[in-house]
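Biologist: I would like a close look at one part of this model. Please take one element and work outward from there.

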Amino acid sequence: MEATLQRLYSGRTAFKDAVRVASTSNVTASGTQTIDGVALTAGERVLLTAQTTTAHNGVYVVASGTWARAADLSVNGHARLGMAIYVISGTANAGLWVLTSPTSGTISLGSTSLTFTKALSADTAATSTLLRAPAQTVHTADGALVIERI
């Protein structure tokens, strides 16, 4: 986790456009529905993190029919290890999520298994500090996030 936070804070991480919610379980990617306590409408972005087929994880746009991958994560090369996505709402999954797997090789969307890990909760002061402060040293100590000015 410390390496992930260092990468986020150093500016070496690609931040994708925010999403409304992240899934807490496998979902059928079609139609409007409620995910993580949030009723979604067509056009909203969703991070799917728990699909049974993990190659189907990623960012999608809600539609009345079948959802499509979001434009900024729809083409091979758009996804890379360490990219970060901020989840705006949700009872459990709001916060900063990071692509943590695969750790090597080329990502082929729809074929490569993708693992997204929640790095920071939305309700922590550290999240807002991380997203707006200048370069600093970030590390974990006893499970807590510590941000030091350099």
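How many of the seven residues of strand 9 are buried, and why does that matter for how strand 9 sits in the rest of the structure?

Modeller: This is a predicted model. Five of the seven residues in strand 9 are buried, so strand 9 is largely enclosed by the rest of the structure. The cut-off behind that statement is a relative accessible area under 20%.

Strand 9 covers residues 95–101, and it has partners on record in strand 8 and strand 10. With strand 8 the pairing is antiparallel and consists of four bridges; here Val 87 stands opposite Gly 95. With strand 10, residues 115–121, strand 9 is also antiparallel, and six bridges join the two. Gly 95 takes part in this pairing too, with Ser 121 of strand 10 as its bridge partner. In general, strands of a sheet pair through backbone hydrogen bonds.

The side chains come next. The largest nonpolar core has 17 residues, and strand 8 and strand 9 each supply at least two of them. The members that touch the most other members are Leu 47, Val 59, Ala 79, Met 83, Ile 85, Leu 99 and Phe 116. Leu 47 shows how this core is connected along the chain: leaving aside neighbours within four places in sequence, Leu 47 is in contact with residues including Val 19, Val 21, Val 59, Ile 85, Val 87, Trp 97 and Phe 116. Apart from this core lies another, of ten residues, with Val 27, Ile 35, Leu 48 and Trp 67 among them.

Another part of the model is an open sheet of four strands with mixed pairing, in the order 2-5-6-7. Its edges are strand 2 (21–22) and strand 7 (68–69), each of which pairs on one side only. Strand 7 is joined to strand 6, residues 58–61, by two bridges, and the two run antiparallel. Within that pairing, Tyr 60 has Arg 69 of strand 7 as its bridge partner.

Two salt bridges are counted. One is between the side chains of Glu 44 and Arg 20, at 2.5 Å from N to O. Glu 44 is in the loop between strand 4 and strand 5, while Arg 20 is in the loop between strand 1 and strand 2, so this pair ties together parts that are 24 residues apart in sequence. Glu 44 is buried, at a relative accessible area of 17%, whereas Arg 20 is partly exposed, at 28%. The other salt bridge joins Asp 72 and Arg 45, at 3.0 Å from N to O. Asp 72 lies in the loop between strand 7 and strand 8 and Arg 45 lies in strand 5, so this pair links parts that are 27 residues apart in sequence. Both Asp 72 and Arg 45 are buried.

Some totals put strand 9 in context. The chain has two helices and twelve strands, and 42% of its 150 residues count as buried. Among contacts between residues at least 6 apart in sequence, 53% join residues at least 24 apart. The chain exposes about 7,300 Å², of which carbon and sulfur atoms supply 50%.

Terms used
Residues numbered from 1 in each chain as written. Predicted model: local features only at pLDDT ≥ 70, side-chain atom pairs only at ≥ 80, totals over all residues. Heavy atoms only, no water. Pairing = 2+ DSSP bridges. Salt bridge = Lys/Arg side-chain N within 4 Å of Asp/Glu carboxyl O. Buried < 20%, exposed > 50% of the residue type's maximum accessible area, 1.4 Å probe, protein only. Core = buried A, V, L, I, M, F, W, Y, C linked by side-chain atoms within 4.5 Å. Contact = heavy atoms within 4.5 Å. Areas by Shrake-Rupley, 256 points an atom, 1.4 Å probe, with all protein chains shown as cover.
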